[in-house]
Amino acid sequence: MKQKSFYFYFLLLFLLINPHNIFPQTLNQHKYVGTKVCGKCHKSEKQGKQYVIWKESIHAQAYKTLETEKANKICKEKGFGDKAVEAKECLGCHASGWDVDKKFIGKKFKIEDGVQCETCHGSGGDYKSLKVMKNRKLAIKNGLVDVFDNTEQFCRNCHNPDSPTFTGFNFEEMWAKIEHPVPHRKKK
Ligand code: HEC
Ligand code: HEC
Ligand code: HEC
Ligand code: HEC
């Protein structure tokens with residue numbers, strides 16, 4: 001008995017001192033700031049108009065698509081409920097921010113922006129400052145997702161047969177529709 005209670009208090013002490021060792025995700029989470037915030041610096045011709053390109057892309061409509069009758073019909077048929085915008089089985093690929101604590105949602109963030117900058121690049125609360133943005137390594141350390149290594153695989157996280165309307169995915173064609181390079185950077 002004595003032995004057991006010793007371990008109990010030891011564990012309790014450990015939990016009290018260092019909760020982050022046990023719940024590391026609370027350390028790694030960054031705040032979603034919203035597309036408007038990214039757009040402040042990523043809108044000009046010189047930087048490559050990423051915001052404008054995204055805004056005109058279908059990704060910006062992905063949440064609104066879930067509000068349509070067609071979406072609700074698919075949702076019902078799949079047995080996920082009457083409203084697609086309320087089904088996590090649909091939101092997973094059509095929106096961001098719906099699955100995190102409210103304290104990680106910035107004032108300018110809008111779920112209605114669907115598949116947005118931070119869906120692909122990671123929530124930007126800690127990498128959005130100019131100083132961090134200019135240093136790629138530092139940005140990655142602060143939450144910027146490094147999707148450059150295998151972009152096609154990254155797209156296929158959503159563009160796959162788990163999508164109820166999937167008909168195939170041709171990476172080259174699809175990338176050409178949404179690419180948004182920084183003009184003064186060299187092509188890799
Ligand atoms: C204060 C201005 C500013 C804000 C706000 C900002 N960025 Fe940036 N970002 C930059 C600059 C400057 C660069 C470097 C571009 C270059 O090479 O000239 C950059 C680079 C990037 C890169 C390329 C990283 C690399 O080195 O490969 C990505 C991706 C990016 N930003 C995404 C975002 C996203 C997403 C947001 C919003 C969460 C955002 N940025 C907000 C200024 C900003
Ligand atoms: C988080 C999930 C997600 C990721 C990651 C994602 N997409 Fe999408 N994509 C969607 C959704 C959802 C739609 C459909 C939006 C709609 O119809 O409202 C879509 C639609 C598209 C379309 C328009 C479809 C068409 O036939 O013209 C293109 C192009 C596209 N995506 C390209 C890409 C590329 C390239 C990548 C990788 C760089 C990518 N997507 C990554 C979710 C995603
Ligand atoms: C569907 C996913 C997706 C969305 C949405 C998206 N990006 Fe990207 N972005 C990518 C990928 C993938 C790359 C890497 C391209 C490569 O490999 O050259 C990239 C590259 C970039 C770069 C670096 C370009 C370069 O030439 O090095 C910047 C800056 C950037 N994105 C900013 C943004 C901003 C700002 C938004 C929102 C307005 C946004 N992106 C939305 C997937 C996305
Ligand atoms: C695995 C990711 C994923 C999931 C989960 C997902 N979608 Fe999508 N959805 C996509 C992608 C990617 C597209 C665009 C290309 C395609 O159809 O595959 C899309 C397109 C759509 C479209 C437009 C297609 C058209 O032809 O008009 C509707 C409507 C839609 N999804 C509804 C839903 C509903 C409702 C759910 C939940 C039951 C759902 N999606 C779940 C990824 C997903």
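**Exercise 1. The shell around ligand 1**

Which helix gives the most to the shell around ligand 1? Work it out in this predicted model, then describe the shell.

*Solution.*
Step 1. Start with the residues. Ligand 1 has 18 residues around it, and the nearest are Cys-38, Cys-41, Gly-124, Met-133 and Arg-136.
Step 2. Assign helices. At least two shell residues come from each of H4 (35-41), H9 (117-121), H10 (130-133) and H11 (136-141).
Step 3. Rank them. H4 gives the most, with four residues.
Step 4. Sort by class. The shell holds nine nonpolar, six charged and three polar residues.

**Exercise 2. The shell around ligand 3**

Find which residues come nearest to ligand 3, and name the helix that gives the most to its shell.

*Solution.*
Step 1. Around ligand 3 there are 22 residues. His-42, Trp-54, Cys-117, Cys-120 and Pro-181 come nearest.
Step 2. H4, H5 (50-55), H9 and H12 (151-155) each supply at least two residues of this shell.
Step 3. H9 gives the most, with four residues.
Step 4. Eleven of the shell residues are nonpolar, ten are polar and one is charged.
Step 5. Look back at ligand 1. H4 and H9 each supply at least two residues there, and each does so for ligand 3 as well.

**Exercise 3. Ligand 4**

State how many residues surround ligand 4 and which are closest.

*Solution.*
Step 1. The count is 23 residues. Cys-90, Cys-93, Asp-162, Ser-163 and Thr-165 are the closest.
Step 2. H6, H7 and H8 each give at least two residues to the shell.
Step 3. By class, the shell has twelve nonpolar, seven polar and four charged residues.

**Exercise 4. The largest nonpolar core**

Locate the largest nonpolar core and the elements that build it.

*Solution.*
Step 1. Recall the tendency: in soluble globular proteins, nonpolar side chains tend to be buried together.
Step 2. List the members. The largest nonpolar core has twelve residues: Ala-62, Tyr-63, Leu-66, Ala-71, Cys-75, Ala-84, Val-85, Ala-87, Cys-90, Leu-91, Ala-95 and Val-115.
Step 3. Map them. H6 (62-66), H7 (69-78) and H8 (88-94) are the elements that give two or more residues to this core. H6 gives the most, with three.
Step 4. Pick one member, Val-85. Beyond its neighbours within four places in sequence, Val-85 is in contact with Leu-66 and Glu-67.
Step 5. Connect to ligand 4. H6, H7 and H8 also each supply at least two residues of that ligand's shell.

**Exercise 5. An unusual phi**

Explain what stands out about the backbone at Lys-49, and say where the residue sits.

*Solution.*
Step 1. Most residues other than glycine have a negative phi.
Step 2. Phi of Lys-49 is near 50 degrees, a positive value.
Step 3. Lys-49 lies in the loop between H4 and H5.
Step 4. Count its surroundings. There are 17 other C-beta atoms within 10 Å, so Lys-49 is partly exposed.

**Exercise 6. The whole chain, and how far to trust it**

Summarise the fold, then find a stretch where pLDDT stays under 50.

*Solution.*
Step 1. The chain has 13 helices and zero strands.
Step 2. Burial: 22% of the 188 residues count as buried.
Step 3. Contacts: among those with a separation of 6 or more, 50% join residues 24 or more positions apart.
Step 4. Confidence: pLDDT averages 89, and 84% of the residues score at least 70.
Step 5. The stretch is residues 18-26, where the model has three contacts beyond four places in sequence.
Step 6. Where pLDDT is low, the predicted coordinates should not be read in detail.

Notes:
Residues numbered from 1 in each chain as written. Chains lettered and ligands numbered in written order. Predicted model: local features only at pLDDT ≥ 70, side-chain atom pairs only at ≥ 80, totals over all residues. Near = placed C-beta within 6 Å. Nonpolar A, V, L, I, M, F, W, Y, C, P; charged D, E, K, R; others polar. Core = buried A, V, L, I, M, F, W, Y, C linked by C-beta atoms within 7 Å. Buried ≥ 20, exposed ≤ 12 C-beta atoms within 10 Å, placed from the backbone. Contact = placed C-beta atoms within 7 Å. pLDDT = per-residue confidence, 0-100.
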